[in-house]
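Work through the exercises below with the sequence and the coordinates open, and try each task before reading its solution.

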Amino acid sequence: TKGDRYFYNLVDIYTGWLETIVVGTKKEDVIARATKKLVARMGKALGTPVRVVQYDMGSEFNKSIKDLEKMKIKVFQMRTNAVVEQTNAKLQRIFYTIVAQKRTNFAGSVKQAVDISNNTKNRKLGMTPKEAVAQLRAGETPAKKRGKTNEAKNVYPEGTWVRALKVKRD
């Protein structure tokens, strides 16, 4: 197994569910075949067909974009895709931890890393991607966790006397 290997990830933005394929090259044909597999796997995992895919501006996606448009899937190209980059970084951290522990072979390490990633709690959702997908398949919409309101923060009760600064501090 000489040469580079690349994680090619497809991430559902709403649930955080991750599907990945390891490819040995970034040639358009290889990426196009992998894209078809990933889209099919993502649709099967979510229980709903994929309708929109976002890519970064990489030239390796040109053939994939044409194929997806033929399949009536909307495609958007963005300068960067922070959700995918963040998930890729998380996947790689988990993967290299598993490799360092020498748990299993390469393919097994990738599978374990994806499983761990899909079972890691998402702060925005307040649940794991696996739980969010289960809710989605049950017909519910996974609601994002709400942030703290002003009442929860350390605010003074109304009517409290406080000093106002005439000049702001640095």
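**Exercise 1: Charge and overall form**

The chain carries 35 positive and 16 negative side chains, and the centres of the two sets lie 3 Å apart. In this count Lys and Arg are positive and Asp and Glu negative, while His and the chain ends are not counted; each charge is placed at NZ of Lys, CZ of Arg, CG of Asp or CD of Glu. The model is a predicted one, in which local features need pLDDT of at least 70 and side-chain atom pairs count only at pLDDT 80 or more, whereas totals for chains, interfaces and linings use all residues. Residues are numbered from 1 along each chain as its sequence is written, and side-chain values use heavy atoms, with hydrogens and water left out.

Task: Set the radius of gyration of the chain against the value for a compact globule of 170 residues.

Solution. Step one is the rule, which takes 2.2 Å times the number of residues to the power 0.38, with the radius computed over C-alpha atoms. Step two is the comparison: the globule would have a radius near 15 Å, but the chain has 21 Å. Step three adds the box along the principal axes, which the C-alpha atoms fill at roughly 70 × 45 × 40 Å.

**Exercise 2: Salt bridges**

Task: Find how many salt bridges the structure holds, and describe the pair formed by Glu-19 and Arg-41.

Solution. Step one is the criterion, a side-chain nitrogen of Lys or Arg within 4 Å of a carboxyl oxygen of Asp or Glu. By this criterion the structure holds three salt bridges. Step two takes Glu-19 and Arg-41, whose side chains meet at 3.1 Å, N to O. This pair links distant parts of the chain, since Glu-19 lies in strand E2 (residues 18-23) and Arg-41 in helix H1 (residues 28-46), 22 residues apart. Helices (H or I, at least four residues) and strands (E, at least two) are DSSP runs, numbered from the N terminus. Step three is accessibility, where buried means under 20% relative accessible area, exposed over 50% and partly exposed in between, with a 1.4 Å probe and protein chains only. Glu-19, at 11%, counts as buried, whereas Arg-41, at 36%, counts as partly exposed.

**Exercise 3: A bridge within one helix**

Task: Locate the salt bridge between Asp-115 and Lys-111, and classify the accessibility of Lys-111.

Solution. The closest N and O atoms of the pair are 3.2 Å apart. Both residues lie in helix H4 (residues 106-118), four residues apart, about one turn of the helix. Asp-115 is partly exposed at 36%, and Lys-111 counts as exposed at 54%.
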